[in-house]
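Open the model in a viewer with residue labels switched on. The stops below give a selection each time, followed by what is found there.

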Amino acid sequence: MSVLITVATTVVNAETYYVATDGQADNDGSEEKPWHSVEYALSQVGGGHTIIVKPGIYRGPIQIAKQYAGTQAQPTVIKSKVKWQAVIIGAPYHVISNGDGCDWVVVDGFEVMGARYDGVKLNGDHNVVRNCWVHNNKAMGIAMHNKKGGVIENNLIEFNGNHIQFEHGVYA
């Protein structure tokens, strides 16, 4: 006698969605019909997907909530379609940040400036900031405090902070 056991598994494939300055909430997030903000895109699709931000000037902040964390296999990727041409400007605290414990997030290719505190502040493990131009923020350019597995690579970080002892280009 033989017994066959079938195990059903659900695999969620990472998808790519788009954001543009002229995007609309009632669009579908496709390249032809983008949404209006990263936060809105995440609220529609959740973490573990890629959000491509089309060139333009966007008012900050971009705040990535903990529920939108990715995984090692499927990180949450927020990426400028063209390096440094999606400009995120101004924020009362951090221009781009994620919640404490929001792990496996990649921020890629943005120009980030004008924060009243840090330009990019990532608060999760295994987060990545790459290919960004981070400048003219009041405190740190890029900050990752007490987190593991973080990667900061291939960024131009300049003119952040105004106190040589307490504010830095990178604080990790």
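**First sheet**

Start with the open sheet of 5 strands, ordered 3-6-9-12-15 and paired in parallel. Strands here are DSSP runs of E with at least two residues, numbered from the N terminus, and two strands pair if DSSP finds at least two bridges between them. Strand 3 and strand 15 (156-158) are the edge strands, each pairing on one side only. From one strand to the next the twist averages 15°, with axes taken as lines fitted to C-alpha atoms and angles running from 0 to 180 degrees between N-to-C directions.

A note on the source: this is a predicted model, in which local features need pLDDT of at least 70 and side-chain atom pairs count only at pLDDT 80 or more, while totals for chains, interfaces and linings use all residues. Residues are numbered from 1 along each chain as its sequence is written, and side-chain values use heavy atoms, with hydrogens and water left out.

**Strand 3 and its partner**

Select residues 56-59, which make up strand 3. Which of its side chains are buried (under 20% relative accessible area, 1.4 Å probe, protein chains only; exposed is over 50%, partly exposed in between)? Gly-56 and Tyr-58 point to one face and are buried, whereas Ile-57 and Arg-59 point to the other face and are not.

Add residues 86-91, strand 6, which pairs with strand 3 in the parallel sense over 4 bridges. Opposite Tyr-58 stands Ile-88 of strand 6.

Next, select residues 111-115 for strand 9, joined to strand 6 by 4 bridges, again in the parallel sense. Here Ala-91 stands opposite Ala-115 in strand 9.

**Second sheet**

Move to the open sheet of 5 strands in the order 4-7-10-13-16, whose pairing is parallel. Strand 4 (62-64) and strand 16 (170-171) are at the edges with a single partner strand each, so one side of each has no neighbour in the sheet.

At the strand 16 edge, select residues 142-143: this is strand 13, which pairs with strand 16 in the parallel sense over 2 bridges. Ala-143 stands opposite Tyr-171 in strand 16.

**Cysteines**

Finally, select Cys-102 and Cys-132. How many disulfides are there, counting pairs of cysteine sulfur atoms within 2.5 Å? The count is 0. Cys-102 is in none, and its nearest cysteine sulfur, that of Cys-132, is 16 Å away. Why is Cys-132 unbonded? Its closest cysteine sulfur, in Cys-102, is 16 Å off, which is too far for a bond. Cys-102 is buried at 0% relative accessibility, and Cys-132 is buried with a relative accessible area of 0%.

Notes:
A disulfide is a pair of cysteine sulfur atoms within 2.5 Å.
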